[in-house]
Amino acid sequence: MPLFLVGVLAAGLIGGGVGAGAVGLLGGDQQVDVGGSGIQINNPESATAVTAAAAKASPSVVTLSVAGSTAAGSGSGIILDDEGHILTNTHVVTLGGATAEAEIHVKLYDGSVRTAQVVGTDPLSDLAVVQLEDTEGIEPAELGTSSDLNVGDQAIAIGAPLGLDGTVTDGIISTLDRTISVASAAVEEDTPDAPEPEEEEDGEGFEFYFPDLETSPSQGSIHLNVIQTDAAINQGNSGGALVDSEGRVIGVNVAIASTGGGISEAEAGSIGVGFSIPIDYAQRVAEDIIADGEASHGLLGVTVNAAGAGEQPLESGGSFTTGAYVEEVADGSPAAEGGLQEGDIVTHVDDRRIDDSLTLTATVREYRAGETVSVTYLRDGDEHEAEVTLGGM
């Protein structure tokens, strides 16, 4: 079994777009009126909570048209503030890594089209920020708090799957903190703490891909802890909003899973397993990009494998994972300075449970470089805790 420099499992990115406003009920007899014509309401008196949430959030979700010298594509974005900063995906504004200098046009919920410039991209989270040149009449989104979410909460995706803008789908949050690994041409294969890809037999497992590309990226991978939802997310939803029943943004739609067996991109679609980047993490990355043009990510500095039963590496400890088994600690790394040693099993970072090496990679990268975290680990059957100041990617 391959070793990992702190890493995950796998899923693919999706392109997107979004709809507009409408009229709905926020609950009881309260009415909310939103301009625009993207969401059709024929009977406001019987509008559901989903209708109301979509009506509230839609004016803050935009469609991006992205054009490079040799390629073009589209995606969605979320208006963050009155200055016209829009949160979207790196793979949307770079056309899956094909261009670093794309021409971007933004369609607002009222149908107006404006130009925008890239403020910065963060390939490790697949998040990016662009800024409108004309901010007149824009409506920033209300952001929720993803740390307060529960499995079973309502989740509503707003976007333009297959170019069908104004599409609203709903479901529930089926899992929180699901760790996925996504092939990405925007990152190098040998990034620090990057896991080596596991080999899968043809026709087994899942396929993960970028939309609008003839082949999937093969350069490197990104690793994310995400919100999993059964709200239908398809090609065309990338960068769009996942919102709660109050219309607050709780995630940025980023990825879907499709069944394996050689299924083509054209045939692929939602199988009820979609993924969104939690808004708490996305907002932190956006703040970094707006302030500095790039985002900071933590680095632990250990080579790890999945831990199996009996404090052993997975290949000798059964089929279930119980943490991240430390195979090697880099000299002078934050892990070494914190006292971690070969053979330790990391089980928690702060209050976040670590199931395997993949979860550890994604979790550590959510922190900024220089932040101090509490690392809980097992050594010879005893539990220990270390304060570690993370390095930077």
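Two strands count as paired if DSSP finds at least two bridges between them, and strands (E, at least two residues) and helices (H or I, at least four) are DSSP runs numbered from the N terminus. With that in hand, let's look at this predicted model, where local features need pLDDT of at least 70, side-chain atom pairs count only at pLDDT 80 or more, and totals for chains, interfaces and linings use all residues. Residues are numbered from 1 along each chain as its sequence is written, and side-chain values use heavy atoms, leaving out hydrogens and water.

The protein has five helices and 25 strands. A good place to start is the barrel: six strands close it in the order S4-S5-S6-S9-S8-S7, with antiparallel pairing. From one strand to the next the twist averages 40°, with axes fitted as lines to C-alpha atoms (for helices over the stretch in contact) and angles running from 0 to 180 degrees between N-to-C directions. Helix H3 (residues 279-292) packs on the sheet, touching S6 (85-89), S8 and S9 (127-132), and its direction makes about 55° with that of S9. Contact here means heavy atoms within 4.5 Å.

Now for the interior. The largest nonpolar core has 35 residues, and Leu87, Val243, Val252 and Ile277 have the most contacts inside it. H3 gives the most to this core, with six residues. Such a core is a set of buried Ala, Val, Leu, Ile, Met, Phe, Trp, Tyr and Cys residues joined through side-chain atoms within 4.5 Å; buried means under 20% relative accessible area, exposed over 50%, partly exposed in between (1.4 Å probe, protein chains only). Of the 393 residues, 53% count as buried.
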